[in-house]
Amino acid sequence: MKLFVQIWVFFVGLIVLGLIVTVAWKKHATEDSFNASFKRKDRVHLDHSAFFDKPFKSGHDVTRACLNCHNKAAKEVMATAHFRWLSDKAQNKRTGKFEEIGKRNLLNNFCIGIRGNEAGCTKCHAGYGWKDASFDFSKEENVDCLVCHDRSGGYVKGIAGLPEKDVDLLVSAQSVGFPLRENCGSCHSYGGGGKGVKHGDLDPSLDYPDPADDVHMGRAGMICIDCHGGHGHLIRGKAFSVSVDHDNGIGCVDCHQAKPHHDKRLDEHTDRVSCQACHIPTYANKLPTKTYWDWSKAGDDSREEDVHHYLKIKGEFEYGESLVPEYYWFDLSVDRYLLGDPIAEHGPTNINTPRGTRKQHDAKLWPFRVHRGKQPYDAKYKYIIPPVTSGDGGYWHEFDWDKALALGADRVGLEYSGQYAFVDTQMFWPLSHLVVGADRALQCNDCHGERGRLDWRALGYGNDPMQSGAQ
């Protein structure tokens, strides 16, 4: 009997030990699947302070000095969307032709378009001197090296992308190194004219984030180029505000397993639900983002000005913080409103409609930040016209919509009837930053509970699929 008890205890011990090892292995595997990308790359930073000892007169002179050693760098930059502000080709539905598109020739529902407004908009161009259509994209000295590589913290771009007059270019040149978060954020976190205005998931709080702000940047200390790369100055990733597909894009599975949870129910979700849908529960968490912009209210001298509610030159705004995303099926491509396209006959005109349906096997549920607005269009020809705002004769100077629209139409080659009105528009921005860890990600009841955040009917279901078993 004693021997039997000993044998029984031995086998029970083996079973318990096996369970402990299995749990530990699963925990380790789960951590590995999530943390594989959280090992920040070691990069050697070359101190450039000894290479420059004389003051520079201009940004162009800095670039010329850089090219003495980095003789291929300018040509690499000049081939990218950061310099050209053109990338993908999209078919113009009116002409049937495929056209290169980008910030240079697309419309949005923030400041609308850059043509005629170049000197103001190109403060965020990776170049020097783009003040109008005469800018020479073939001159290597027009590339701005410092905007991405300055580490002094004192480099600021001004009109037409030229350095502000009080910038010490020698100090900036001596400080250069690989780009940090604040380099990328100097433009991307301020798009639309202010902190976090455009993106909602990018703002200056991510320059030095708390661990809870973003699991990659805050907890793991990653910087933008850890994901977005930069070999040959070609930055990976797509902004669907100006792109139409996912070519040269990045995604979670570049570093993480496609089914990383080691939980059957959770891993089944990854077939139809993006990682972002659960791991970005809210956006604009530290700084407010713009949610609505009504240009039709601009020009009213009687209203009190407030950057978050009303400005005479821009109209009426709405902002929000800690916002719940809107959810749509998304196959990583969009339909794009192009110059001259007709506005929608009913409802708002979508500037970049995400493609995807529940029936598409390659579409997943994605979280979006949607910006809504009201902007001018030609009331006879029924298309949106980008007004000249900051340039000569622009609306911000003369508060004359008729003149601003006539100038804008001429710049982009559209006819202007002399009749204008305002149309409701929408822009869709898929979210990929402000990713939180499993401890703060959405839980089952956040979507499937009685007060869940998803509109199941709008997504193509009759009701909650947890109840019906639908896929």
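**Aromatic pairs, cores and a pocket**

Lys-103 sits over the face of Trp-85, at 4.4 Å from the ring centre. This is a predicted model, and that lysine makes a handy way into its aromatic residues. Searching the whole structure turns up 25 aromatic pairs. In one of them, Trp-85 teams up with Trp-130 in a tilted arrangement, 5.1 Å centre to centre and with 55° between the planes. Trp-85 belongs to the loop between helix H4 (81–84) and strand S1 (89–91), while Trp-130 belongs to the loop between helix H5 (118–121) and helix H6 (146–149), so the pair ties together parts that are 45 residues apart in sequence. Trp-85 is buried, its relative accessible area being 6%, and Trp-130 is buried too, at 3%.

Phe-330 and Trp-366 make another aromatic pair, this one edge-to-face, with 5.5 Å from centre to centre and 85° between the planes. Here the partners come from strands: Phe-330 from S6 (residues 326–330) and Trp-366 from S10 (residues 364–378), so this pair ties together parts that are 36 residues apart in sequence. Both Phe-330 and Trp-366 are buried.

Ring pairs also build a cluster out of Phe-110, Trp-293, Trp-295, Phe-317, Tyr-395, Phe-399, Trp-401, Tyr-420, Phe-422 and Trp-429. One of these rings, Trp-293, has a lysine over its face: Lys-290, at 3.8 Å from the ring centre.

Phe-110 and Trp-401 turn up again in the largest nonpolar core, which has 28 residues; along with Leu-107, Ile-384, Ile-385 and Leu-414, they touch the most other members. At least two residues of this core come from each of S11, helix H14 (401–412) and strand S12 (420–430), and H14 gives the most, with five residues. Ile-385 has plenty of company beyond its neighbours in sequence: leaving out residues up to four places away, Ile-385 touches Ile-112, Pro-376, Tyr-377, Asp-378, Leu-405, Gly-408, Ala-409, Glu-415 and Tyr-416. Apart from the largest core lies another, of 16 residues, including Phe-52, Ala-126, Val-167 and Leu-169.

Ser-390 is found in the loop between strand S11 (383–384) and helix H13 (395–398). With a relative accessibility of 26%, Ser-390 counts as partly exposed. Setting aside residues up to four places away in sequence, the contacts of Ser-390 are with Asn-117, Gly-120, Trp-396 and His-397. Phe-422, a member of the aromatic cluster, is 32 residues from Ser-390 along the chain, and 20 Å separates their C-alpha atoms.

Gly-120, one of the contacts of Ser-390, falls within H5 (118–121), and H5 leads on to the second largest pocket. The largest share of that pocket's lining, three residues, comes from H5. The lining has 18 residues in total, and those nearest the pocket centre are Arg-115, Gly-116, Glu-118, Asp-132 and Ala-133. The volume of the second largest pocket is about 300 Å³.

As for the overall picture, the protein chain has 16 helices and twelve strands. Its C-alpha atoms fill a box of roughly 100 × 65 × 45 Å along the principal axes. The chain has 471 residues, 45% of which count as buried. Taking contacts between residues at least 6 apart in sequence, 69% join residues at least 24 apart.

Definitions and conventions: Residues numbered from 1 in each chain as written. Predicted model: local features only at pLDDT ≥ 70, side-chain atom pairs only at ≥ 80, totals over all residues. Heavy atoms only, no water. Phe/Tyr/Trp six-rings, centres within 6.5 Å; stacked < 30°, edge-to-face > 60°. Helix = DSSP H or I, 4+ residues; strand = E, 2+ residues; numbered from the N terminus. Buried < 20%, exposed > 50% of the residue type's maximum accessible area, 1.4 Å probe, protein only. Lys NZ or Arg CZ within 6 Å of the ring centre and 35° of its normal. Contact = heavy atoms within 4.5 Å. Core = buried A, V, L, I, M, F, W, Y, C linked by side-chain atoms within 4.5 Å. 1 Å grid on protein atoms, 1.4 Å probe; cavity = no way out; pocket = protein on both sides within 12 Å on 5 of 7 lines; lining within 4 Å. Points joined across faces, edges and corners; volume = space filled by probe spheres on them.
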